[in-house]
Amino acid sequence: MDMWSYFHTCLVSIWLHRFYIYSAVALGISLWIVIQFTTTRTKRKKSHGSPSSPEGTSDKLENGCALRQTQGVHVSGVKIFYGSQTGTAKRFAKDLAETVTSLNLPVEVINMGDYDPEDGLVEETSSRKICVFLVATYTEGQPPESAAWFCKWLEEAANDFRVGKSFLQGLRYAVFGLGNSAYVDHYNTVGRRMDRWLWMLSASRIMARAEGDCNVAQSKHGSIEADFEAWKAKFLTRLQALCRGEKKPCRGKCKKGKCKSSGKRSKESSDREQETSEQDNTEAEELLETSSEEEAGGTDSVIDVEDLGNIMGHMKKAKVLLLEGVWNAAGAERREMITPALREALTKQGYKLIGSHSGVKLCRWTKSMLRGRGGCYKHTFYGIESHRCMEATPSLACANKCVFCWRHHTNPVGTEWRWRMDQPEEILQEALEKHQNMIRQFKGVSGVKAARLEEGLAVKHCALSLVGEPIMYPHINRLVRLLHQHGISTFLVTNAQFPEEIRKLEPVTQLYVSVDASTKESLRRIDRPLFKDFWQRFLDSLKALAEKQQRTVYRLTLVKAWNVDELKAYADLISLGKPDFIEVKGVTYCGESSASSLTMANVPWHGEVVSFVQELARLLPEYGIACEHEHSNCLLLAHSKFQVDGVWRTWIDYSRFQELVREHERSGGSRTFTAAEYTARTPSWALFGARERGFDPLDVRFQRKNKARDASGC
């Protein structure tokens, strides 16, 4: 009983004094935490400040980077990973490697297709190497074939709950994406996703992601090469800083020569960042991805969460400016289509640029006919005098990026007109002057015929097919009327992405539609269109062509291993647009280009083109093979209505056309006319099966000495 009374008394006493007991326990725990924190901090200071510590050693640098001693190595080397479809990323990787090598750092250039990320990336978390990722965005926002597995693994690892979120902690990286801003929905998506996936796996950015833009009209520095050079300079500066042991990049907020970058972040800030949920982090990361370096203050630093509001404000403003096509919200003037970098590139290619968005260039067939060496296939098919033809365009911009583009994609791209606009009168006057000046340069050149040189100064035909999409030019109808008023026939080519513009187009001598593929998937692969609804636009354009009363043409470009096995599908498209003529031409190989993967193996032989046309003709009972131009690797299918009494009439009566178009204009458009009203007889030498194979017997075929005969044409 006494024992129970004693315990009861003790328990009651503890309960009555429980507040003091709790306070004592809390004080003890607090003291323990303070002691642990102080001890840890002291150890860190010793490890960083001690002269014997490897990281605290202050060694001299060679070229501002590589340490002479093995102790205190902050950067042991650089690994450059590239994922490339056309070779641009690979070229940039080699360029960057050469520059980094000059800093006495070991460099390794790696094709993502030859690398196993599952085993390799983990090793980089402790290697003290900097990993650089140069990756392109290809069709539909997908990675290049060589980087497909690398990206797939990285995505799965970042989203797999079985993989720890600190899986790549310790890996230091930088990302440079390659893309084309004309593809708005997919611009640099691969680079952005790769940056996010690495970040989600706790890898550390050494600088903000940068993006190179193939669209020279929108590129920040005028070209993707210039974008890369600007980023490379920043990367090298950051790399040298890391070699010196600097932890954070400058935030660009230094005042009076005092850099605030070295200041330590508060513990509260650090804790807040670590305690932020994964969902919030991902959302913040998405916002950061869409901002440029300039929008973030023009620095390569990591952006504080507090700054996101300002960044989003800049982003919304930038979006408005892009949609309006102006320099600022005050309604400033639209930008020019031809940037200084684009002007330089096109001038080197022989373009004579006009104003801010047009150009002319002398066709090689013009030069050939001036010498009496034969004309182009249009001379054979339609009676064009090649030496009197001006090749021009009122719009250097295009809505496609075809794999066989013979301008190597130096021209800008876009889905609508958003540039400063020149007047058609100015374009035509300057085009004629520049064309005539180019013709005059042939005066006195060996082999040039004086009579043809004189004729060449009087332009009779205009091929609006130089480059780009002429029908995008808002004043295209005014330009066409001006050409007709000067007695110049018009041959306009469109890429079948602007059906409404085709319907609104006034009569031209001959209207072309490029039909580069017959199925949705092959068109996507070959033309690489910018519009999301490209296939419907393509079909609507063909339907709009069927409504035209003047001469219409399908232009088929055969690319071996890409589109030569789709005969039935081509026949279906022909029945949809009901063209008067169908030109079938083998693709022209224009040399190696970073914008295309085509090689000579993709160029069909003339015999293969003939076989294709013969097979296609069997599926089209209303059409027959009318003409052939072997040198251009081209044949012409014509509708049977152009075969009158067994005689083909594919040539054009240009004088009659000018009469008809003048009557049409005088009547305000009420007087219409059809293609049958301005035909002319096709000469025998131009017909399919003729001994001349489409070469005008009035000229002399020129064969280069010691050169194998090129049956593929040009």
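1. Glu425 is partly exposed, with a relative accessible area of 38%, and in this predicted model its salt-bridge partner is Arg478, the closest N and O atoms being 3.0 Å apart. The pair links distant parts of the chain, since Arg478 belongs to helix H16 (residues 476-485) and Glu425 to helix H14 (residues 424-440), with their positions 53 residues apart. Arg478 is likewise assigned as partly exposed, at a relative accessible area of 27%.

2. A local contact of the same chemical kind is found in helix H7 (residues 224-243), where Glu229 and Lys232 are 3 residues apart and therefore separated by about one helical turn. Their side chains meet in a salt bridge, at 3.3 Å from N to O. Glu229 is partly exposed, with 38% relative accessible area, whereas Lys232 counts as buried because its relative accessibility is 9%, which lies under the 20% limit.

3. Glu630 and Arg693 also meet through their side chains in a salt bridge, with an N to O distance of 4.0 Å; a reviewer may wish to note that the criterion used is within 4 Å. This pair, too, links distant parts of the chain: Glu630 lies in the loop between E17 and E18, while Arg693 lies in the segment after strand E22 (679-680), 63 residues apart. Glu630 counts as buried at 13% relative accessibility, and Arg693 is partly exposed at 32% relative accessible area. Elsewhere, salt bridges that share partners join Arg192, Asp195, Arg205, Arg209 and Glu211 into one network, and the structure holds 30 salt bridges.

4. The loop between E17 and E18 also contains Asn633, a residue other than glycine whose phi is positive, near 60°. Asn633 is buried, its relative accessible area being 0%. The backbone sign deserves a remark because most residues other than glycine have a negative phi. Arg528 is another non-glycine residue with a positive phi, of about 45°, and is placed in the loop between helix H18 (520-527) and helix H19 (534-546). At 11% relative accessibility, Arg528 counts as buried.

5. The strands flanking the Asn633 loop belong to an open sheet of 10 strands with mixed pairing, in the order E9-E10-E11-E12-E13-E14-E15-E16-E18-E17. Strand E9 (352-354) and strand E17 (623-629) are the edge strands, each pairing on one side only. From one strand to the next, the twist averages 25°. E17 pairs with strand E18 (residues 634-639) in the antiparallel sense over 6 bridges, and within this pairing Tyr623 stands opposite His639 in E18. Helix H20 (residues 567-577) packs on the sheet and touches strand E15 (551-558), strand E16 (581-586) and E17, with its direction making about 165° with that of E15.

6. Which residues make the nonpolar surface patch of about 850 Å²? They are Leu11, Ile14, Ile21, Tyr22, Val25, Ile29, Trp32 and Ile33. Helix H1 (2-16) and helix H2 (18-49) each supply at least two residues of the patch, and the largest share, 6 residues, comes from H2. Tyr22 is placed in helix H2 and counts as exposed because its relative accessibility is 55%, which is over the 50% limit.

Conventions. Residues numbered from 1 in each chain as written. Predicted model: local features only at pLDDT ≥ 70, side-chain atom pairs only at ≥ 80, totals over all residues. Heavy atoms only, no water. Pairing = 2+ DSSP bridges. Helix = DSSP H or I, 4+ residues; strand = E, 2+ residues; numbered from the N terminus. Axes fitted to C-alpha atoms, helices over the stretch in contact; angles between N-to-C directions. Contact = heavy atoms within 4.5 Å. Patch = residues over 30% accessible without salt bridge, like charges linked within 9 Å, V, L, I, M, F, W, Y side chains within 5 Å. Areas by Shrake-Rupley, 256 points an atom, 1.4 Å probe, with all protein chains shown as cover. Buried < 20%, exposed > 50% of the residue type's maximum accessible area, 1.4 Å probe, protein only.
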